[in-house]
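Biologist: I am new to reading models like this one. Could you take me slowly through a single part of it and explain your terms as you go?

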Amino acid sequence: MDRYARWNALLEMLTDSGRVAVEEAAARLDVSQATIRRDFDQLAQQQMITRTRGGAVANGVSYDLPLRYKTAKHSAEKQRIGAAAAALVSPGTVVGLNGGTTSTEVARALAVRPDLNTNAEGAQLTVVTNALNIANELLVRSRMKVVVAGGVVRPKSFELVGPLGGALLREVTLDVALLGVDAIDPHLGAAAHHEGEAAMNNLMVARAKRVVIIADSSKLGGHAFARICPVDRVETLVTDSGAAPGVVEAFRAAGVHVICA
């Protein structure tokens with residue numbers, strides 16, 4: 001397990017219990033207590049946790065971890081979801097893509113499709129995004145046209161939020177919006193923890209002909225602070241095979257096409 005994977009696991013433990021001892025963490029992660037002490041010290045330096053004698057306590061921020069700490073969680077599922085979502089995109093279309101770890105996997109899957117990376121007339125894909133890391137993934141890996149919405153950067157997600165980006169999004173039309181979310185419920189719809197991100201995503205929904213939500217099974221049936229869109233605006237949900245059958249059926253009953261990758 002690499003350092004970021006350990007940090008992610010430690011932060012998840014703190015989210016669950018509020019307090020974790022060095023000995024407990026070392027046993028659960030099968031590493032030395034010295035390694036856990038270093039991890040706790042480094043996380044405390046970044047104000048992610050509060051160090052205590054013999055352990056650490058949560059700072060109350062681990063529900064919305066910085067993106068670089070999230071990459072190890074459900075990584076295999078997110079890669080499958082990314083490939084399945086990318087397969088829904090046709091050459092020559094305009095795609096909206098927001099930030100997040102699952103969206104990053106979609107961007108990587110789009111970038112390696114040769115039929116989307118040609119400059120032939122009408123075949124080049126256009127991606128509109130409000131996430132700096134998504135734009136970087138596409139620029140270094142592909143020859144697509146990349147349009148970046150402006151705004152203020154959220155360091156935790158690399159997403160741009162605020163009225164500057166909203167002004168651009170109101171002037172474009174998207175064939176499909178591929179949106180990662182913090183939660184989606186068959187009755188409450190799609191939502192994000194941060195209201196600024198939800199507002200930008202809502203604008204993408206408003207400008208899109210089709211809306212595809214990309215979310216691993218841990219996000220299904222969950223709740224988050226700010227709503228992105230109601231469920232009747234969602235055409236397709238791409239999730240993983242770990243989704244509970246009852247939850248999948250609830251989305252289908254709500255008129256959502258569900259793909260389990």
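Modeller: Happily; here is one helix, followed by a short stop at a strand for contrast.

This is a predicted model, where local features need pLDDT of at least 70, side-chain atom pairs count only at pLDDT 80 or more, and totals for chains, interfaces and linings use all residues. Residues are numbered from 1 along each chain as its sequence is written, and side-chain values use heavy atoms, leaving out hydrogens and water.

Our helix is α3, residues 33-45. Helices (H or I, at least four residues) and strands (E, at least two) are DSSP runs, numbered from the N terminus. With 13 residues at 1.5 Å each, α3 should span 18 Å, and its end C-alpha atoms are indeed 18 Å apart; the expected span is 1.5 Å times one less than the number of residues.

Which residues of α3 are buried? They are Thr-35, Ile-36, Asp-39, Phe-40 and Leu-43. Buried means under 20% relative accessible area, exposed over 50%, and partly exposed in between (1.4 Å probe, protein chains only). Seen down the axis, the buried residues of α3 fall within an arc of 135°, so they line one face of the helix; the arc is that of the directions from the helix axis to the C-beta atoms. These buried residues pack against α1, β1, α2, β2 and β3, where contact means heavy atoms within 4.5 Å. After α3 comes Gln-47, with a positive phi near 60°.

Now for the contrast. His-257 sits in strand β15 (residues 257-260) and counts as partly exposed, at 46% relative accessibility. Leaving aside neighbours within four places in sequence, His-257 is in contact with Glu-235, Thr-236 and Leu-237.
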